[in-house]
Each structure stands twice: as structure tokens, then as C-alpha cells.
Amino acid sequence: MTAATTFPLAFSATPSQSARAEAEREAILADPGFGKHFTDHMVQVTWTLDEGWHDAEVVPYGPITLDPAASVLHYGQEIFEGLKVYRHADGSIWSFRPEANALRLQRSAERMALPSLPTEDFLESLRQLLAFDKAWVPSAPETSLYIRPFMIASESFLGVRAAQKVDYRVIASPAGAYFHGGVRPVSIWLSTDYSRAGRGGTGAAKTGGNYAASLLPQAEAYRNGCDQVLFLDSVEQKYLEELGGMNIFLVRHDGTLITPALSGSILEGITRESIIRLAKDRGHAVEERPVTLDEWREGVASGEISESFACGTAAVITPIGALKGPDFAIGDVSAPAGALTMSLREELTDIQYGRKPDRHGWLTRLG
Ligand code: PLP
Ligand code: COI
């Protein structure tokens, strides 16, 4: 069936006949981990060059059938998003700045020669999925439902050009802490042999290839006893960029926050932007500028840099305890997390979970 393109998209639905029973779902929600379990439904919408976006549906969660020649399998033309849905004390469910994810998906689409999904259709895709899978939003502290919208080039064609058939999907996964062991200072491995993204590349797009490029250095980080990998700029190997899946902040002893400026090769984190807003609201100075590795190392040694943290949807705000490289190590993961780091984390999560007023209008009700 092909529904003609309408704006906004009209969704049809096929409810799952094998939705998990309440007891099974509750057992999963009691210990969700991260990215291991998925809800009963998913959204799918098709785009073709001729018809635009059409056939918007909620269907049972399940495997995707793809032709072996689908161009995503060969050339990696794909993008994705990550956002969370939180259950408030009164049972209502809310997402955090979903319009910002819609806009970033549009920017990623442009860079990866994929079609733009209008913001209203993106938001509707979330509402539609949550209308079926709302019971999957956990309620325990620090838990949420992680939503993963993504777009893949599904045209069967081996010539190298932008696909003329694309699938948009949304899946959802109940989530606890991203890092094993909950909220604790993590250790970071400095990648000196590999870069994540280069000038003019795809670093600012949320596209699978950036993550594929981070896997080998991430494995090196694990081998060296670290939780995450830090990338430097690919030109001078001197400036901090970001971690494999998070942005980074340093805190000066006078309370100034310092974070690498958006260079074109860093992902524009929504958590990053929200932290900048919250810190400025409190009267902290925030410097978005090139930050050298030497500044961090020397600042820790002199006491000028008193805290550092990673931030992202999955990791929220995670204190960084130590930074290690092939020939150096600074910091200590057993030291207590920084006070400003933890207080910004509390303020952000208080807003997300509805414990504090949403003064910036960041929350959108989804059920
Ligand atoms: N940087 C990378 C490479 C990421 O994958 C993410 C996670 O989405 C972030 C930064 C943080 O972005 P956000 O705060 O929007 O989740
Ligand atoms: C996110 O925070 O949404 C991400 O994409 C990070 C990923 C490592 C799970």
C-alpha cells in the first residue's frame, strides 16, 4: 500500500501479537542495562525520490528485510539520533529537547545526502511509538527509555550515488546507566594513533561511520583499562575534540567551564548546549574555544583545572577521573567526583525527571 505523501504524515498501525507480558517487561525494566532490550513496536516510514515520505506505520518490533545490494550495506549511507524519554513522579512521560534532535537529524541528513524529515514528522514518530510502548518507560531513579531514530539507504544499487529509496525507523530500548557500575568517575584513553573525524569530513554528523572509526581506538582504551577514548584534532593532534560518544568539559578552579568549540568535526551535543545554558544561568563563565591537551595536563598538575566531565544523552554527565596515554597518566578514578560536575548533573536530571521547573521549556510531553 502506498499512502500519498501528506504533511504531516498520517500513521497507520499494526499492533504486535507477541507483545511481552507485564511480568516479563517488569523484569527487564528492573535491570535494563543499556541498549540490550527493545520494546514491542517500531516506527517505519519510507522515502523515495518520486513520492517523498510515505507509508508511515507503527509495526511490531522485528528484523528488517534488506536486499543484499542495499547501498547502506556497502557505502554506509545512514544517520541516527539518540534521545531519552523520562517518567515523572505522576506517571506522565516526557522527552528532552526532541526538536533539537529533529534539527540535528536534518543536518546529518544534509551532510550524508539523505532526505530531510520535517520536525513535525519526527515528533509525530515519537508520539506514535510511545502511544504503543509507553509501559516500557521505566520509573526507577536514573532510568529512562532510550529512543533511537535512524535512517538508512535501502535502494538496491551498487553505483556510488545518493540512494533514491530510504527507510526511516524508530526503535526504543529501556536504559539504565551507560557505564558499568553506575555514576562513577571514568577513565579516558587518549588516542594518539587514530582520529575520529577530519576537516571537511563527517564528524559533525551523527552517522555510523564515525562510530565504526572509533571502535578500534575504543578497544585500545579497554585494553589499557579505560572506559572511553578521547580524540584530538586530526590536523595538529593538539586540540581536544570529543570522546567516542560524548562531548567533554574542563572546569577551572574559579568555576569557569571550558569546552572545545564546535570545529566542524565535533558532534553538536544537545547535552553540551544545555549544560552551557545552565552554567551561564548560574553566573559561570563558559569558554567555547580550542583547548589543547597540554592545557589540560598542565592545568591538572598546577591545580588550575579542578574537574572534568563527559556529557551526552546516554552518559548524561559523567565525571572523568583519569586521563591516560601511551606515556602518561593524570588524575585518579578513585578520587571523588567534582562538586560542580555533580551539581550540574543533578540540576539537569532534576529538570529531565520533572523534579525542578522546566524554565527553558525543554520538555515535551509524550504521554
Ligand atoms: N558526541 C558524540 C560522538 C555522540 O555520539 C554524542 C551522543 O549523542 C554526543 C557527543 C552527545 O550528544 P547529545 O548530548 O546530543 O546526546
Ligand atoms: C547518545 O548519547 O545518544 C549516543 O549516541 C552515544 C552512544 C555511544 C550510545
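On a 1 Å grid over the protein atoms alone, a pocket is an open set of points with protein on both sides within 12 Å along at least five of seven lines. A molecule sits in a pocket if more than half of its atoms lie within 2 Å of its grid points. The space taken by ligand 1 is the largest pocket. Ligand 2 also takes space in the largest pocket.

This is a predicted model, in which local features need pLDDT of at least 70, side-chain atom pairs count only at pLDDT 80 or more, and totals for chains, interfaces and linings use all residues. Residues are numbered from 1 along each chain as its sequence is written, chains are lettered from A and ligands numbered from 1 in the order in which they are written, and side-chain values use heavy atoms, with hydrogens and water left out.

**Ligand 1.** This ligand is surrounded by 16 residues (a heavy atom within 4 Å). Arg104, Tyr211, Glu242, Thr271 and Thr313 are the closest. Polar contacts (pairs of N or O atoms within 3.5 Å) are listed in the table below. Alone, ligand 1 exposes 380 Å² (Shrake-Rupley method, 1.4 Å probe), and the protein buries 96% of that.

**Ligand 2.** Around this ligand stand Phe34, Phe80, Gly82, Tyr146, Arg148, Tyr178, Lys206, Gly245, Thr313 and Ala314. The shell divides into 5 nonpolar, 3 polar and 2 charged residues. Here Ala, Val, Leu, Ile, Met, Phe, Trp, Tyr, Cys and Pro count as nonpolar, Asp, Glu, Lys and Arg as charged, and the others, Gly among them, as polar. Domain 1 (11-175) and domain 2 (186-352) each give at least three residues to the shell; the bounds come from an automatic or database domain assignment.

| Ligand atom | Protein partner | Distance |
|---|---|---|
| Ligand 1, oxygen | Arginine 104, side-chain N or O | 2.7 Å |
| Ligand 1, oxygen | Tyrosine 211, side-chain N or O | 2.5 Å |
| Ligand 1, nitrogen | Glutamate 242, side-chain N or O | 2.5 Å |
| Ligand 2, oxygen | Tyrosine 146, side-chain N or O | 2.5 Å |
| Ligand 2, oxygen | Threonine 313, polar backbone atom | 3.5 Å |
| Ligand 2, oxygen | Alanine 314, polar backbone atom | 2.8 Å |

Taken alone, ligand 2 exposes 280 Å², of which the protein buries 88%.

**Cavities.** The whole structure holds 2 cavities of 30 Å³ or more (points where a 1.4 Å probe fits but cannot get out). The largest cavity has a volume of about 150 Å³, the space filled by probe spheres set on the points. Its lining counts 19 residues (an atom within 4 Å of a point). Glu142, Ala177, Ala315, Val316 and Arg345 lie nearest the centre of the largest cavity.

Terms used: A polar contact is a pair of N or O atoms within 3.5 Å; within protein, one must be able to donate a hydrogen and the other to accept it, and residues adjacent in sequence count only if both atoms are side-chain atoms.
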